[in-house]
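Please open the model in a viewer and keep the sequence panel visible beside it. The stops below are arranged so that each selection leads to the next.

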Amino acid sequence: MSQESLKQRIDADMKEAMRAKDKERLGTIRLILAAIKQREVDERITLDDTQVLTVLEKMVKQRRDSISQFEAAGRTDLAGKEKAELDLIQTYMPAQLSEAEIDAIIEQTIAATGATSAKDMGKVMGPLKAQLQGRADMGAVSARLKVRLSA
């Protein structure tokens, strides 16, 4: 039997949430599916798991930004709703890598690409993104790579 895609899993979870009458979960899953569908319509493509992860990463980043803004404004009610959405979205993301695992992959990729300075950032980020997509915060990875290449 073939492994179901991430999109199929999200779709199945939506049907399960409907049957369970779990309104909060259903609402968040519908947001995820709407974001995926929007990108598919805009680009006239069917998203694969890697592209779905990109959509989910963007949603995670948006939720984190909203949480910090709501907390700064003292709106704990809205921050709580965003945290609940964030937790559900993250269930579809692969397990996050540890700092040591990320550093090891950065070192391997630098060695494989022959990068020597900050000018080689782009040459290294492409392969890193392919390996780390959904498993690490790419902004943090980029910052670590910059420090490593500047040393």
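The tour begins with the whole chain and then turns to a helix, a pocket and a single side chain.

**The whole chain**

Display the full chain as a cartoon, bearing in mind that this is a predicted model. The secondary structure comes to seven helices and zero strands, and from the N terminus on the elements run α-α-α-α-α-α-α. Along its principal axes, the C-alpha trace spans about 55 × 50 × 30 Å. Of the 151 residues, 33% count as buried. Among contacts with a separation of 6 or more, 56% are accounted for by residues 24 or more positions apart.

**Helix α1**

Select residues 6-19, which form helix α1. This helix has 14 residues and reaches 20 Å from its first C-alpha to its last, close to the 20 Å expected at 1.5 Å a residue. Now show the side chains of L6, I10, D13, M14 and A17, the buried residues of α1. They cover an arc of only 105° around the axis, which puts them on the same side of α1. To view what covers these buried residues, add α2 (23-43) and α3 (49-72), both of which are included in that cover. Before leaving this region, select K21, just after α1, where phi is positive at about 55°.

**The largest pocket**

Next, display the surface and select E57, K61, R64, D137 and M138, which lie nearest the centre of the largest pocket. About 370 Å³ of space lies in this pocket, and 18 residues line it. Which helices each supply at least two residues of the lining? They are α3 and α7 (138-150). Of the elements contributing to the lining, α3 gives the most, with seven residues. Colouring the lining by residue type should show five nonpolar, six polar and seven charged residues.

**E82 in helix α4**

For the last stop, select residues 76-90, helix α4, and centre the view on E82 within this helix. Is E82 buried or exposed? Residue E82 counts as buried, because its relative accessibility is 12% and the cut-off for burial is under 20%. Then show the side chains around E82: not counting residues up to four places away in sequence, E82 touches R63, S66, I67 and F70.

Notes:
Residues are numbered from 1 along each chain as its sequence is written. This is a predicted model: local features need pLDDT of at least 70, side-chain atom pairs count only at pLDDT 80 or more; totals for chains, interfaces and linings use all residues. Side-chain values use heavy atoms; hydrogens and water are left out. Helices (H or I, at least four residues) and strands (E, at least two) are DSSP runs, numbered from the N terminus. The expected span of a helix is 1.5 Å times one less than its number of residues. Buried means under 20% relative accessible area, exposed over 50%, partly exposed in between (1.4 Å probe, protein chains only). The arc is that of the directions from the helix axis to the C-beta atoms. Contact means heavy atoms within 4.5 Å. On a 1 Å grid over the protein atoms alone, a cavity is a set of points where a 1.4 Å probe fits but cannot get out, and a pocket is an open set with protein on both sides within 12 Å along at least five of seven lines; lining residues have an atom within 4 Å of a point. Grid points are joined across faces, edges and corners, and a volume is the space filled by probe spheres set on the points. Ala, Val, Leu, Ile, Met, Phe, Trp, Tyr, Cys and Pro count as nonpolar, Asp, Glu, Lys and Arg as charged, and the others, Gly among them, as polar.
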